[in-house]
Amino acid sequence: MIIYIDLLLIINFLFDVLLLLTINVVLKRYTSLKKIFIASIFGEITLISLIIPFSSFTLFLIKIILGTIMIIIAFGYKNIKYTLYNLLYLYMLSTILSGFIYYLNIEFNSNCLMFIIISPIILYIFIKSTKALIEIKNYYYKIKIVLNDGEELLLTSFLDTGNKLIDPITNKPIILINKKKIKSNINIRSPMFVPYNALNNHGLLECIKPKYIIINNKKLNNYLIGLSEKSFKLNGVECLLNYKILEDI
């Protein structure tokens with residue numbers, strides 16, 4: 001088999017640049033292109049395995065060491081956790097990209113030009129998907145609800161920007177909890193009923209006033225708990241936060 005070293009060097013360099021750029025964007029490292037290019041040039045040393053035969057274990061150690069040096073060149077060293085996290089992303093992205101390229105090669109017998117074209121597209125899709133997941137994750141919170149009788153509920157909540165329910169009398173925002181969830185834990189006393197209007201729907205919402213709630217280590221006592229008859233469609237979510245909570249946390 002004929003190996004064109006110059007072409008291999010170019011492809012390896014471009015792949016390293018793409019991988020480091022993706023880490024820079026996803027993890028928000030804000031490093032310079034100059035450092036990324038220098039790190040990618042250093043990464044060419046990994047091609048030494050084509051010349052010198054190493055055992056699998058030795059080759060693994062060499063790649064880990066060289067990968068760590070690449071990461072430090074590109075993003076600097078702050079602490080072990082920071083460096084390991086960057087290194088983990090480097091090899092995770094490398095595995096994802098290699099898997100796609102291997103699949104394309106098997107299915108379509110693609111050439112080097114196709115790999116160069118398709119690789120940025122794959123990493124772009126990864127970046128968009130990761131950002132979407134991070135944005136969704138940022139809307140999840142752990143909330144502790146302490147009731148007047150001392151009962152406590154620790155729930156997984158989701159910030160619902162569409163939840164703008166406010167009691168017109170007390171002017172307190174309403175947090176929604178599935179009625180079955182809360183009634184299976186406590187004995188509801190002295191509920192209040194708040195009128196609400198939604199799309200093609202209106203009525204009275206059963207609410208209770210908690211002693212206080214704790215979210216992001218902040219104690220809040222100006223919210224009501226609305227008991228929803230419907231289950232929430234979000235996986236694992238037991239409570240829908242009111243958009244107003246953004247002003248308090």
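In this predicted model, Glu152 is partly exposed, at 46% relative accessibility. That label fits because buried means under 20% and exposed over 50%, with partly exposed in between. Glu152 doesn't sit there alone: it forms a salt bridge with Lys144, and the closest N and O atoms of the two are 3.8 Å apart. Lys144 also counts as partly exposed, with a relative accessible area of 30%.

How many salt bridges are there? The count comes to 3. Another of them joins Glu247 to Lys244, with 3.6 Å between the closest N and O atoms. Here Glu247 is exposed, at a relative accessible area of 57%, whereas Lys244 is partly exposed, at 24%.

Then there is the pair Glu206 and Lys179, whose side chains meet in a salt bridge at 3.0 Å, N to O. Glu206 belongs to strand S5 (residues 201-208) and Lys179 to helix H6 (residues 179-183), so this salt bridge ties together parts that lie 27 residues apart in sequence. Are these two residues buried or exposed? Both Glu206 and Lys179 are buried. For Glu206 the relative accessibility is 11%, which counts as buried because the cut-off is under 20%. The side chains of Glu206 and Lys179 also make a polar contact, again listed at 3.0 Å.

Next come the helices, with H2 as the example. Helix H2 covers residues 33-42, and its buried residues are Ile36, Ala39 and Ser40. Looking down the axis of H2, these buried residues fall within an arc of 100 degrees, so they line one face of the helix. The general rule behind this is handy: an α-helix has 3.6 residues a turn, so residues three or four places apart point the same way. And what covers the buried residues of H2? The cover includes helix H1 (5-26) and helix H3 (56-75). Turn to the face of H2 that points away from the buried side, and the exposed residues there are Lys34 and Ile41.

Strand S8 (residues 224-228) tells another story. How many of its residues are buried? The strand is mostly covered, with 5 of its 5 residues buried. In a regular strand the side chains alternate between the two faces of the sheet. In S8 both faces are covered: Leu224, Gly226 and Ser228 are buried on one side, and Ile225 and Leu227 are buried on the other. S8 also has a partner strand, since S3 and S8 run parallel and are joined by 5 bridges. Within that pairing, Ile175 has Ile225 of S8 as its bridge partner.

Finally, a couple of loop residues have backbone angles worth a look. Most residues other than glycine have a negative phi. Asn171 has a positive one, near 65 degrees. Where is Asn171 found? It is in the loop between strand S2 (152-159) and strand S3 (174-178), and it is exposed, with a relative accessible area of 59%. Asn216 has a positive phi too, near 55 degrees. Asn216 lies in the loop between strand S6 (212-215) and strand S7 (218-220), and its relative accessible area of 45% makes it partly exposed.

How values were computed: Residues are numbered from 1 along each chain as its sequence is written. This is a predicted model: local features need pLDDT of at least 70, side-chain atom pairs count only at pLDDT 80 or more; totals for chains, interfaces and linings use all residues. Side-chain values use heavy atoms; hydrogens and water are left out. Buried means under 20% relative accessible area, exposed over 50%, partly exposed in between (1.4 Å probe, protein chains only). Helices (H or I, at least four residues) and strands (E, at least two) are DSSP runs, numbered from the N terminus. The arc is that of the directions from the helix axis to the C-beta atoms. Contact means heavy atoms within 4.5 Å. A salt bridge is a side-chain nitrogen of Lys or Arg within 4 Å of a carboxyl oxygen of Asp or Glu. A polar contact is a pair of N or O atoms within 3.5 Å; within protein, one must be able to donate a hydrogen and the other to accept it, and residues adjacent in sequence count only if both atoms are side-chain atoms. Two strands pair if DSSP finds at least two bridges between them.
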